Amino acid sequence: MTKPRPTDIGVLGFRYLGAHEVEELADLWGALHQQHARNAPHLSDIISTTSMDESWRRRRTQYLEWMADPETLAILAEHGDDPAGYAMVTLRPGPQGTWDRGERVAVVQTFAIDPEYAGTRVGSKLLEEIRHQLAAMGIRDIEFSALATASEDISFLETEGFRPFVTTMVCRVDGFGAHD
């Protein structure tokens, strides 16, 4: 029999990572990679998944590019010495036309919570830390993508005040044509 998991683990520490610490994110990325593959089997006929090693190699390269910008936030949430989750947040120009979103918009590129910490409010606390940092930088809006089939992730985001904004559709270039 396992002991019941707490719904709130209490105090978390937040550590802001530099590029030299990016390897600390590999295991958490691996868990997220597996979650992505489980949550999106409907894409297998048009988009194939990569191996976990290849996925991390690609993401690590992207992280290093993003972290070259001093305004990128790489935040590791820790429970004691145990990594509980992390977020990688970049900034992009905001003015794009119809909506007034400020001069810059934050984009949560990765938000990964260790499955061991599911249901313990780690995600809410990490998001709260992100919001504090972005507010201090004068950022008003956050973009956060979720797989269309990840209903738990979407429910979490809606609970945290997010609303659907843009739906991204994908297909292969040689896919089916229009059916008018």
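**Exercise 1. Work out which parts of the chain the R131–E160 salt bridge joins, and how accessible each partner is.**

Start with the contact itself: in this predicted model, R131 and E160 form a salt bridge, with their closest N and O atoms 3.5 Å apart. That passes, because the cut-off is 4 Å. Next, place the partners. The pair links distant parts of the chain, with R131 in helix 3 (residues 122-136) and E160 in the segment after helix 4, 29 residues apart. Last, check the accessibility: R131 is partly exposed at 33%, while E160 is buried at 16%.

**Exercise 2. Do the same for R92 and E143.**

Look at the gap first: the closest N and O atoms of this salt bridge are 2.3 Å apart. Now for the location. R92 sits in strand 3 and E143 in strand 5 (residues 141-144), so to speak a link between distant parts of the chain, 51 residues apart. As for cover, R92 has a relative accessible area of 18% and is buried; E143, at 22%, is partly exposed.

**Exercise 3. Find how far apart R57 and E54 are in helix 2, and say what that means in helical turns.**

Begin with a bit of background: an α-helix has 3.6 residues a turn, so residues three or four places apart point the same way. R57 and E54 are 3 residues apart in helix 2, which means about one helical turn between them. Their side chains meet in a salt bridge of 2.7 Å, N to O. Both are partly exposed, R57 at 46% and E54 at 23%.

**Exercise 4. Decide which side of helix 2 is buried and what packs against it.**

Step one is to list the buried residues: S55, W56, R59, Y63, W66 and M67. They cover an arc of only 90° around the axis, so they lie on the same side of helix 2. Step two is to flip the helix over: the face turned away from the buried side carries the exposed residues D53 and E65. Step three is to ask what does the covering. The buried residues pack against helix 1, strand 2, strand 3 and strand 4.

**Exercise 5. Trace the contacts of Q109 back to helix 2.**

Q109 is in strand 4 (residues 104-113) and is partly exposed at 26%. Leaving out close sequence neighbours (up to four places away), Q109 touches R59, W66, M88 and T90. Two of these names, R59 and W66, should ring a bell from the buried list of helix 2. As for M88, its C-alpha atom is 5.5 Å from that of Q109, though the two residues are 21 apart along the chain.

Key:
Residues numbered from 1 in each chain as written. Predicted model: local features only at pLDDT ≥ 70, side-chain atom pairs only at ≥ 80, totals over all residues. Heavy atoms only, no water. Helix = DSSP H or I, 4+ residues; strand = E, 2+ residues; numbered from the N terminus. Buried < 20%, exposed > 50% of the residue type's maximum accessible area, 1.4 Å probe, protein only. Contact = heavy atoms within 4.5 Å. Arc of directions from axis to C-beta.
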